[in-house]
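Trainee: I would like a close look at one part of this model, the place where helices pack against each other. Please go through it step by step.

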Amino acid sequence: MSDGTPADQFFDAAIGLLQRVRDEESATITAAGTLLADTVAAGGRLFAFGAGHSSLAAQDIVYRAGGLALMNLLAVPGVVGVDVVPATLGSALERVEGLAGAVLDTSPLRAGDALVIISLSGRNALPVEMAMNARTLGLKVIGVTSVAYASETSSRHVSGTYLKDHCDVVLDSKIAIGDAELTLDTIPAPFAPASTVVTTALLQAVMATTAATLADRGIEPPLLRSGNVDGGHEWNDRIMNDYRDRIFYRR
C-alpha cells in the first residue's frame, strides 16, 4: 500500500477509480445519457432500482436538486438500503427468484420507459430478473455494475447469467471483487469500500449527459432546483405540474 494516512490512501484509490471510469466509460456514459434523453423526448418515464447499498446510488438521482425530475425510484420493500431488521434479510431477498416479476407487475412501468438497475456484483436473482423481465415488457435497461464479478464469481440466478447480460447499456464501475480498497498488516480483512462514490459519480455523469443532450435537441430538460434557494419551490411546482403524468414520488 502507498505511503500516507489511511484517509489519504482511500482518497487516492477513489480518485483513481473515478479517473478510470472517466477515461474508460466515456462512450457508455454518452450512450446511457442518450438513451435516457431519447426516452424523455418520446414521452417515456425514468426509473432507478438498486438493492442494499446499491440503492443509495439509485436514491441519489431521484428528487434531487439539479437532477431530472422524471427519475423515479423503483422501491422493493426490504431491499432499499438497510431498511429492514435484521439487515441480512435484505441480502437474502436479493436471492429470491420471482420477486422481480412481482415488483414489475405491480409497478407503473410500461413499454417505452427506461430503467436504471444498479448492482455491484450483478450476480443475484433480483437484479438479473429485474433486467430480464423489464426488457420483456418493452423497457430499455441501463445496468451499472462491476463487470469483473462476471469473470471471478458464479451467478446466483438459475440462468447462470449476470445483470450485464440483459442490458441495453452497461456502465462498468471498475470496482474490484469484494469492494474494499485498502489493506493493512494489522487488520485481517480488506476495508474502505468505494463503490458508492464511484457509482454515484457515474450516474450523475449520465444525468448531466441526458440534460445536455435534451438541450441540444431544443428540449428544456425537466430539472429540479434546490428548495433552499429563493424561488426553488415555485420552480419545482411548475416542473412537477408540467410532468405530473411521469412523476410518481409525489403521489
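Mentor: This is a predicted model. Start with helix H1, residues 6-24, and helix H8, residues 195-216, whose axes come within 10 Å and cross at roughly 30°. An angle under 35 degrees counts as roughly parallel, and H1 and H8 are therefore roughly parallel to each other. Their crossing is right-handed. On the H1 side, the residues that meet H8 are Leu17, Leu18 and Val21. On the H8 side they are Val197, Val198, Ala201 and Leu202. Sorted by class, this contact of H1 with H8 has seven nonpolar residues, with no polar and no charged ones.

Now take H2 and H8. The axes of these two helices come within 8 Å and cross at roughly 50°. That angle makes H2 oblique to H8. The crossing of H2 and H8 is right-handed. H2 brings Ile29, Thr30, Ala32, Gly33, Leu36, Ala37, Val40 and Ala41 to the contact. H8 brings Leu202, Ala205, Val206, Met207, Thr209, Thr210, Thr213 and Leu214. By class, the contact of H2 with H8 has eleven nonpolar and five polar residues, and no charged ones.

Two residues of this contact can be followed one at a time.

The first is glycine 33, which lies in helix H2, residues 26-41. Its relative accessibility is 0%, so glycine 33 counts as buried; the cut-off for buried is under 20%. If neighbours within four places in sequence are left aside, glycine 33 is in contact with Val206, Thr209 and Thr210. Take valine 206 from that list: glycine 33 and valine 206 are 173 residues apart in sequence, yet their C-alpha atoms are 4.9 Å apart in space.

The second is threonine 209, placed in helix H8. With neighbours within four places in sequence again left aside, threonine 209 is in contact with Ile29, Thr30 and Gly33. Glycine 33 thus appears among the contacts of threonine 209, just as Thr209 appears among those of glycine 33. The side chain of threonine 209 also has a polar atom 2.8 Å from the backbone oxygen of alanine 205. Ala205 is itself one of the H8 residues in the contact with H2.

To go over it once more on the model: find H8, then H1, which is roughly parallel to H8, and then H2, which is oblique to H8. After that, locate glycine 33 in H2 and threonine 209 in H8.

Key:
Residues numbered from 1 in each chain as written. Predicted model: local features only at pLDDT ≥ 70, side-chain atom pairs only at ≥ 80, totals over all residues. Heavy atoms only, no water. Axes fitted to C-alpha atoms, helices over the stretch in contact; angles between N-to-C directions. Helix = DSSP H or I, 4+ residues; strand = E, 2+ residues; numbered from the N terminus. Parallel < 35°, antiparallel > 145°, perpendicular 65-115°, else oblique. Left-handed = near helix turned anticlockwise from the far one by under 90°. Contact = heavy atoms within 4.5 Å. Nonpolar A, V, L, I, M, F, W, Y, C, P; charged D, E, K, R; others polar. Buried < 20%, exposed > 50% of the residue type's maximum accessible area, 1.4 Å probe, protein only. Polar contact = N/O pair within 3.5 Å; in protein donor to acceptor, adjacent residues only side chain to side chain.
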